Every structure is written in structure tokens, then in C-alpha cells.
Amino acid sequence: MTLKTKTQVCIIGSGPAGLVLSQLLHNSGVESILLDRQSRQHIEGRIRAGVLESGSVKALVDAGAGDNMLRVGLTHKGFNLAFDGEHHRIDLQGLTGKSVMVYGQTEVTKDLINLRLKQGAQMVFSAEDVRPTEVCSDKPVVHYVKDGKRYEVQCDYIAGCDGFHGVSRKTIPRAVRQTYERDYPFGWLGLLSDTPPVADELIYNNHQRGFALCSMRSPVRSRYYVQCSSDDDVANWSDQQFWDELALRIGTETAANLITGASIEKSIAPLRSFVCEPMRYGQLFLAGDAAHIVPPTGAKGLNLAIADVCILSRALIEHYKANNPLYLDTYSPTCLKRVWMVERFSWYMSKMLHQFPDNSPFERKMQRAEFDYIAASQTASKSIAENYVGLPLD
Ligand code: FAS
Ligand code: PHB
């Protein structure tokens, strides 16, 4: 026996993209149901992004989910680039009039899930075998299994917010979808510790031993990353080995302020650039990591996901409230124009800051020259700053 439900928008995935979309639609009276294959605990336990663009901060506040972020989030008016221990500060506030917010994706997700549940949202966790069907009809159906029972969600539209490994993108026939991909020959080994951050602002380090990033979650919780080989294993790294390597890469002056401690999380993330075109197929709309991936060097993944669903929520609300299909019809090209500019910035930052195994001494000289040019040119620094605080939505 199959249990049938109806809604206007069926959202697959309760990560940042799905949750923000559901909240924005709810605030405009558009019904949705959220399906996620993982448990609430698993979703809330993920340690991922740490920096919110000014546009993401506005979206969360406008959605009514920004209270905790505004209370405990850290406003950052600049960040640092470092090359073999030499620093250059990118003055975000001075160059763009904007800042960024340091507030973990983990907290964003918890805030949104709490708000959605408080408002009685239809959220299904641990949904198995989620399958979008009839996506090119005017009545798509999403099938799933929960606690051994079969369900069908009849809807007008499906939002594929199920990340890189989700089912939505694969629902678009291969003959229709065009993908672009670059896998980087290294990964990021991340460590979270309840230790005071080494500096007040983020430091992105290019060192001949490899890239390192000094970030944070609060004045007493730090987040660090070191570049590692793409086939490395977190088991190869004791906490002490991590701290020793980080200290070597951030330079003696900064390392003198490094307070180490036990890791509360340690993991390796692969780095890739990826885009799927189009981001719409029939009544299926892709948003966030389901449609694109950026290397975290530009702090863009989470922000791009939020930008997509701001554009998608506007399109759906305009359709339901004003019977205007324009924004739905232009959703994919509107998102993709911005996606490619963000892909460019993330690729540019990754190329400038990492040691590539096949880099010759010439490429290393080019990286140093890039750093020196940015440090010497307000125009070059402003270009980085305007991308880092976030490009306009459209
Ligand atoms: P998500 O992947 O967050 O959410 C997708 C959701 O869909 C998940 O909850 C998943 O359980 C669910 N799902 C998947 N398949 C499903 C199916 N078949 N049925 C139902 N549900 C399904 N970005 C940064 O800016 N900075 C960083 O430092 C950073 N670090 C990262 C580290 C890692 C290990 C990873 C994987 C990503 C990182 N990112 C980072 C990028 C990350 O923040 C993403 O951009 C962000 O989570 C995108 O949000 P969503 O598009 O909602 O996708
Ligand atoms: C983080 O704090 O996790 C973080 C910050 C900036 C990045 C990537 C990750 O570019």
C-alpha cells in the first residue's frame, strides 16, 4: 500500500540549499515538503563551511533564521593572504564597504532545522530510495520509503537540493546534461579544536610545503586546514603531526601565537570544480551542490547554494503569487552566469595558493608574482575583495 501526499514543491535534500528554500517559500505561503536520506543527527553533525557572504547573511535574516548568527557570529572586515610567511591583508570593508560573517554551516543548518520544525514544516529524515519521476509532466511525483512504508509526493515542482552525490542531477538524461569538471591533485585535511584562533582574521597561506588555512568558529574554537595528497588518509595524521605541519606552513611569526589542543573533528575533503548544465529539466530545478561544486579556497560552496535558492524561491513565489513564469524560465541561465564567475574565483584562488605536483619553478614564480601584484595594487586587491564578499545575485 502506498501512502500519497500532495504539496506544491517537493524539496529533495535538507542541507543549506533545501532548508533555506523551504523557509523562503514558507514565508510567502508556498507549501513544500523536505525529504532527506540522512537522519537529523547526521545532518546536524556535519562540519563544513565557515564563512557567509553578506548576501547569505541577508538571506538568513530575511528568512527569519538569523537571530543566533547575529548574536554569536563574528563579523570580519578583512582576511589575509600569506606567501612564505609574508602577509597582505585584503581590506574587505575598505575596498567594498561590505564584510563577511564567520559562522559555521553546522550552526546555520541547526538554526534552520529548529525553525522549520517549530513552524510545523513537513520534514522527512532517513527517507530511503527517493526517486523523482514524471519530471517533464505537469504533475511530477517523488517516491520514497520510510520505515518500510512506501510514499508518493505529488507536486508541481521538484527542487533537487541533494548535493553532489544526490539523485536529482542524475534524473536529467545524459543526452540533456552537459557537465564540466576539474579534480585537483590534492585535498584539504581539516581539524577543529577548542583552542583560541591563531589570529583575529583568516589567513590563507601559500607555502612551498603546501597550502594552509587558519580559520575559526568562535573566539574559543578554531578551524585549520592543510593541503594533503588526494590519496592521503586521515589515519596517517596524529594531532601532533597536524600541528607541526601547520606551524611550518604559517610561518614562525604566526606560529608563535598558535595554541594547539586535541582535535574534536579531523577529516579530509577532496577538491573539485564541477558544473552541470542546465540547472532545470522540466519541473525539476537543481540548486547548490547538486548542480555545482567549487574548491573551498574561495569560501563559496555554501554561499553559492544560498544564492541559487534565493533565485529559485523568487521564481516559484512569482509563479504562484503573480502567475508569472518569467523567473522560472530564466532560472538556469541566471544561476549559471553567476555560478561560472564563482567557479572562476574559486579556481583562481586555488591555483594561486596551492602547491601543484607538476608545478615547475616558473609556476611558483608566477604564484609569487600574483601575490606581489595583489599586495602592490589596490585594483587587484579590490577584485579579490568584491568576489570574496559576494557578487550581486543577478
Ligand atoms: P549538501 O550536500 O549540504 O546537502 C545535500 C543534502 O541532501 C544532504 O543532507 C544529503 O543527506 C541529502 N541527500 C543526498 N542524496 C539524497 C537522496 N538521494 N535523497 C534524499 N536526500 C539526499 N564550502 C565552503 O564554502 N567552505 C568549506 O570549507 C567547505 N567545506 C566542505 C567540506 C566537505 C567535506 C564538503 C563535502 C563540502 C564542503 N563545502 C564547503 C561545501 C559545502 O559547504 C556545500 O557547498 C554545501 O553543503 C552545499 O549545500 P547543499 O547544496 O544544501 O548540499
Ligand atoms: C572554514 O572556516 O571552514 C573555511 C573558511 C574559509 C574557506 C574555507 C573554509 O575558504
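This is a short tour of the two ligand sites in a predicted model.

**Stop one: ligand 1**

Start by selecting ligand 1 and showing its neighbours. You should find 30 residues around it, with Asp36, Arg48, Gln105, Asp289 and Gly301 the closest. Now pick Arg48: an N or O atom of its side chain sits 2.9 Å from an oxygen atom of ligand 1. Move on to Asp289, where the backbone, rather than the side chain, supplies an N or O atom 2.9 Å from a ligand 1 oxygen. Leu302 also offers a backbone N or O atom, at 3.3 Å from an oxygen of ligand 1. Switch on a surface next: the protein buries 86% of the 990 Å² that ligand 1 exposes when taken alone.

Colour by helix and look for H1 (16-27) and H10 (301-322), each of which supplies at least two residues of this shell. H10 gives the most, with three residues. If you colour by residue class instead, the shell shows 15 nonpolar, eight polar and seven charged residues.

**Stop two: ligand 2**

Now select ligand 2. Its surroundings hold 14 residues, and Tyr204, Ser215, Arg217, Tyr225 and Pro296 come nearest. Which side chains place a polar atom by an oxygen of ligand 2? Tyr204 does so at 2.8 Å, Ser215 at 2.6 Å and Tyr225 at 2.6 Å. Taken alone, ligand 2 exposes 280 Å², and the protein buries 97% of that.

Finish with the strands: E16 (212-218) and E17 (221-229) are the elements giving two or more residues to this shell. E16 has the largest share, three residues. By class, the ligand 2 shell has eight nonpolar, three polar and three charged residues.

Key. Residues numbered from 1 in each chain as written. Chains lettered and ligands numbered in written order. Predicted model: local features only at pLDDT ≥ 70, side-chain atom pairs only at ≥ 80, totals over all residues. Heavy atoms only, no water. Near = heavy atom within 4 Å. Polar contact = N/O pair within 3.5 Å; in protein donor to acceptor, adjacent residues only side chain to side chain. Areas by Shrake-Rupley, 256 points an atom, 1.4 Å probe, with all protein chains shown as cover. Helix = DSSP H or I, 4+ residues; strand = E, 2+ residues; numbered from the N terminus. Nonpolar A, V, L, I, M, F, W, Y, C, P; charged D, E, K, R; others polar.
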